[in-house]
Amino acid sequence: MHDTTPQIEMRVERFVRERIAPAVERRRVALDVTAWEVPDEPVPFAEAVAQGFTPFEPGMPWSKPWGTTWFRVTGEIPEGWGGADVALEMVADLGFSARQPGFQAEGLIYRPDGTIVKGLEPLNNAVPVGPGPIDLYIEAASNPDVGGHYFYLPTPLGDKATAGVEPIYTLRRVDLVERDLTVYGLLRDCWTLVGLMEELEASLPRRAEILRALERMCDVVDPDRVAETAAAGRDALAGVLASPAYPSAHRVIAVGHAHIDSAWLWPTRETIRKCARTFSNVLALMDEYPDFVFACSSAQQYAWMKDHYPELFERIRRRVADGSFVPVGGMWVESDTNLPGGEALARQFVYGKGFFLREFGYEPDEVWLPDSFGYTAALPQIARAAGAHAFLTQKISWNETNRMPHHTFWWEGIDGSRIFTHFPPTDTYNSDLSGADLARAQRQYAEKGVSNVSLTPFGFGDGGGGPTREMMEAAARTRSLEGSPRVEVGTPERFFALARETHPAPATWSGEMYLELHRGTYTSQARTKQGNRRSEHLLREAELWSATAAWRGLADYPYETLDDAWRTVLLQQFHDILPGSSIAWVHQEAERNYAAVAAALAPVIDEAQRALAGPGSAPVVFNAAPVASAGAPALGATAGPVPVWTAPVAADAGWVLDNGVVRAVFDTTGLLVSFVETSSGRELVAAGEAAALLQVFRDTPNQWDAWDIDEHYRHTVTELREADAVDATGDALVVRRSFRRSAFVQTFRLAEASSELEIETRADWHEQEKLLKLAFPLAVHADRASSEVQFGHVRRPTHTNTSWDVARFETAAHRWVHVGEPGFGVAVANDSTYGHDITRRWAPDGSTVTLVRESLLRAPRFPDPHADQGEHVLRTALRPAPTVLEALDTGYRLNLPVRTVTGGGPVAPLVTVSSPAVVVEAVKLAEDRSGDLVVRLYEARGGRARARVEVSEPVGRAWTTDLLERDPAGLPDTAVQASAWAAGEPIEIAFRPFEIVTLRLRRG
Ligand SMILES: [Zn+2]
């Protein structure tokens, strides 16, 4: 037989595109349209419909970028329309482009009574109508395509002030349509079969069988009478569609989903509307397909619905109750996990799960972070301590160097906690259940032969949209279809139960899941990052002093203010805000929100401190750090004196800062050439090198500008060794340097009796596509560097033996990094920097130099063309640090500077801990507002420890809880230790390495 495969494939493709697809709409008639354009920001339905609407027609342009136009659509259903084999629908095209839904014009359709019908999006632009006259409103959003076809080029579209005022969309059609259900069914048959056929080996009989069936379909469907002959076409395909899946076919649990970035190439106000469009699409689809299941993360997005769309929220609540709308993840947002501090990452779950439990009586069991940029090694413990038992992501498939070996495995964190983890092998969270996506899941699944089930999230995402009826039709046809994986629409819970059952002994991945991409997200948008760091520490202070004052009966606890501040901070840890990958609008708003958080918390802290200090005129120095600082005890206050700086002394060949504890020597250009610990005589700065050296690199990544630092940045460097001026002014050495249009002022200070050299870098930054680093070449032989993460630290190699080490060329750290050799080490701490690189090189004498560099600033041009421009103040501390505990000390002190108020006298700490290895991360009152005290502690050294916790006020009962402050006795399979103490009993706790313990105390 002659092979005519290519000819038949071409014939089928063209026949489907040109004959079948257009015949889905059997008849159409234009509807009447009037319109009202909103002058600026969106308005509620009631306000919009009260405006004067004017006649509007297809072909007319509407709304500038980020504008809104309300369309009113009216009409009658013509005589004789409708019937058993058709659906009557309104179909609208707002001027959609070929780009995916969520990145362009979108709409929300209302009935005249203000209830929501569904969203209006490209590829999902029909709503059922009739019987009776048609009267609908469309709230159309002219969201610009910020990336467009020239993704990564600077664009003015990300800021309303620069986006332009000309309309960017033209209304194309608003029609009443008779949709032919048989032709539609035939089109879906063809789509699934062609998609499957293209994935099958050319040598397989099954592929040829499908092709021949499609050819017969082309023969029996008359191109001039498609509606009349479509049923015969479906009959021609029925045989190949009925052939069941191979017994060994891969099993896919398909979970409806819509990844909705809480802000990214749009501001949060648009995300709120995106959620309404997507969720109403989902609710409409649930009415049509009873087995449809939709998984939705982010309590914040539900909370937005509750506040802005209460009618929709009630319908969601009903669908949550019947199990089809499934809250997943349990976090407030799908946050970044590298950058949020320990307490903040814990609060993502406290606030997220708290909302789900309160509103739905439902607790998600899995952590759902398909898109965040790498995963901290602290997450398994935090997730387990929040009551989760499973974790899902697919982002690590974006690695540019190494492929993760597993799809279903145990993930083990720094403390040894394990969480059952799945990476959907289809490598997407936006599947359309195409043949290609399903085949990829089967082809790539790493546990073949041991287990045979994976999860596929389906639905348009990033900008929302969600699942469509086409996807549900695809799922129905692939339930059991020869050559295809077996698709079952189900819940994440169903998938995880099957995966555990079929794969009882999965492999383990230990430590962080580093994303070998997007390494610039530790540094981009420095003001957003600084806002996060400051806010986290202000919240710590506000809670600590308020709880202390409340337990001493001196003040009320400001629950509402703290809740509001937390929710803002948690929202802004979303994986495109804190990482710095959003448009200008988002980052401008983030900075304003952080300023508002600071303004709200400042009086809370001040009032609590004044209440605690009592009346008087003495300076009272408060220390919120878990370590002593400036003469004040951890978590307490001392009555003066206020700490002082040691004045610099000018020397012959440069300058010297010497306080008897350490001695810093600067050359004539203000470079730090020596830093010696007096007691040991040990030099920290590598011989012949300069520390605290500013370096500027070319920073032109191959793609993803705000996200990526590429390794080739290291090929070009300019070191700022020349000084414009060096002055010993008062208590500091001030060095001025410049680079092109940018100016830097480095200020060096040494506090009395301290071993910490404080380095303030003031940058007036006007570069583009440059990376600014602060370099510390250290005389330390370290094969690993310790970097602070949430509730502990990770140890990463400084060498590049393996491809995994090579790929880890830029890393995230929180307040400090530590490099050491036995008996000696150095800490480099920061007050708002996250990006670091820590490498080694060789000194002429054969020793190794450990080079620690902080990434202070970047200046990417996409998606915010003006990212990081202007003034920045960044603080760093350098000190000798024999162990990580000294590094931890400095990190806390630098981020929690003491505050002085006038008052009566010292303030004893409410909580004291006997072991220096056990650190207090939070002191607060319980979330249930019972007045119980909650103290969160962790073991910080990475070893076992015992600590006695003492509370200055009478305690009636004390017990350990999970992060949600629940008694572990009632929790199934919890990772949290269960301990309890009666009144008067000493609270002694044994910690495993890096263990987090939440202690709850009731007043005696
Ligand atoms: Zn995302």
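Two residues are in contact when they have heavy atoms within 4.5 Å of each other. Keep that in mind as we look inside this predicted model.

**The packed parts**

Let's start with M305. Leaving out residues up to four places away in sequence, M305 touches I272, C275, A276, F279, P310, L312, F313 and I316. M305 also belongs to the largest nonpolar core, which has 199 residues, and M305, F325 and L933 are the ones with the most contacts inside that core. Which helix gives this core its largest share? That's helix α16 (residues 584–613), with 11 residues. Apart from this core lies another one, made of 46 residues, including V726, L750, W765 and I838. As background, nonpolar side chains tend to be buried together in soluble globular proteins.

**The empty parts**

Now for the gaps. The model has seven cavities of 30 Å³ or more. Here are two of them:

| Cavity | Volume | Lining residues | Largest share of lining |
|---|---|---|---|
| Largest | about 220 Å³ | 23 residues | α14, six residues |
| Second largest | about 90 Å³ | 14 residues | β54, three residues |

In the largest cavity, G341, G342, E536, R815 and E921 lie nearest the centre. Its lining splits into 10 nonpolar, five polar and eight charged residues. Besides α14 (526–551), the elements that each supply at least two lining residues there are α9 (342–360), β38 (784–789) and β48 (918–925).

For the second largest cavity, the lining residues closest to the centre are A385, A975, V976, Q977 and I996. Here the lining divides into six nonpolar, five polar and three charged residues. Both α10 (379–385) and β54 (996–1003) supply at least two residues of that lining.

Methods. Residues numbered from 1 in each chain as written. Predicted model: local features only at pLDDT ≥ 70, side-chain atom pairs only at ≥ 80, totals over all residues. Heavy atoms only, no water. Core = buried A, V, L, I, M, F, W, Y, C linked by side-chain atoms within 4.5 Å. Buried < 20%, exposed > 50% of the residue type's maximum accessible area, 1.4 Å probe, protein only. Helix = DSSP H or I, 4+ residues; strand = E, 2+ residues; numbered from the N terminus. 1 Å grid on protein atoms, 1.4 Å probe; cavity = no way out; pocket = protein on both sides within 12 Å on 5 of 7 lines; lining within 4 Å. Points joined across faces, edges and corners; volume = space filled by probe spheres on them. Nonpolar A, V, L, I, M, F, W, Y, C, P; charged D, E, K, R; others polar.
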